[in-house]
Amino acid sequence: MIKIEQDELLWAASWLLKATRKPMYWNYVKKNIINFISDIESGLSEFGWDAKHAGINVLISKKIDHRGASLPSIDQHPEKIGCKEGTPYFLSENPNTNLHIGAVVGGPDIKDYFADYRPNSGQSEPAIYVNAPLVGLLAYFKAHP
């Protein structure tokens, strides 16, 4: 299978994961994202008909602007972490220690660029104003099948 086909399968599995929450799709993404690590780490952010892996960064953001996602879990760090004491975790280049599944972040900018960077709250924060329209729409469809 060539890389472009793997790219599209990865993109499809990511959307199916969002739609169904079935672990088999998450397992597929985790197993196959490795084929695109060099592109992702190099900052390749092109998204197009033959380059969909950049969109995976939006679907599976590793550095969302959320305190609960970036701080270590209470199992790893049982002591209280004060507001200012959390800053090194917030500014870290490391992926979040706690994965948020289902949180919608601001997403790409007007030029279709998405920087997976915590301090860029306009793109990386799972804010109410971003999630409320989607939740409202989903609630409507749930009530009106």
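**Faces and patches of a helical chain**

Author: In this predicted model, helix α2 has a face turned away from its buried side, and that face carries the exposed residues P23, M24 and K31.

Reader: Nice place to start! Which residues of α2 are buried?

Author: Helix α2 covers residues 23-32, and its buried residues there are Y25, V29 and N32.

Reader: What makes you say that the buried residues line one face of α2?

Author: Look down the helix axis: the buried residues of α2 fall within an arc of 85 degrees, so they line one face of the helix.

Reader: Now to another helix. Where is L138?

Author: L138 sits in helix α8, which spans residues 128-143.

Reader: And why is L138 called exposed?

Author: Exposed means over 50% relative accessible area. L138 has 52%, so it counts as exposed.

Reader: Which residues join L138 in a nonpolar patch on the surface?

Author: The patch is formed by L134, L137, L138, Y140 and F141, and together they have about 500 Å² of accessible area.

Reader: Stepping back, what makes up the secondary structure of the protein chain?

Author: Eight helices and zero strands. Along the sequence this reads α-α-α-α-α-α-α-α.

Reader: How much of the protein chain counts as buried?

Author: Of its 145 residues, 30% do. Buried here means under 20% relative accessible area.

Reader: And what does the protein chain expose?

Author: About 9,700 Å², with carbon and sulfur atoms supplying 62% of that area.

Note on methods
Residues numbered from 1 in each chain as written. Predicted model: local features only at pLDDT ≥ 70, side-chain atom pairs only at ≥ 80, totals over all residues. Heavy atoms only, no water. Helix = DSSP H or I, 4+ residues; strand = E, 2+ residues; numbered from the N terminus. Buried < 20%, exposed > 50% of the residue type's maximum accessible area, 1.4 Å probe, protein only. Areas by Shrake-Rupley, 256 points an atom, 1.4 Å probe, with all protein chains shown as cover. Patch = residues over 30% accessible without salt bridge, like charges linked within 9 Å, V, L, I, M, F, W, Y side chains within 5 Å. Salt bridge = Lys/Arg side-chain N within 4 Å of Asp/Glu carboxyl O. Arc of directions from axis to C-beta.
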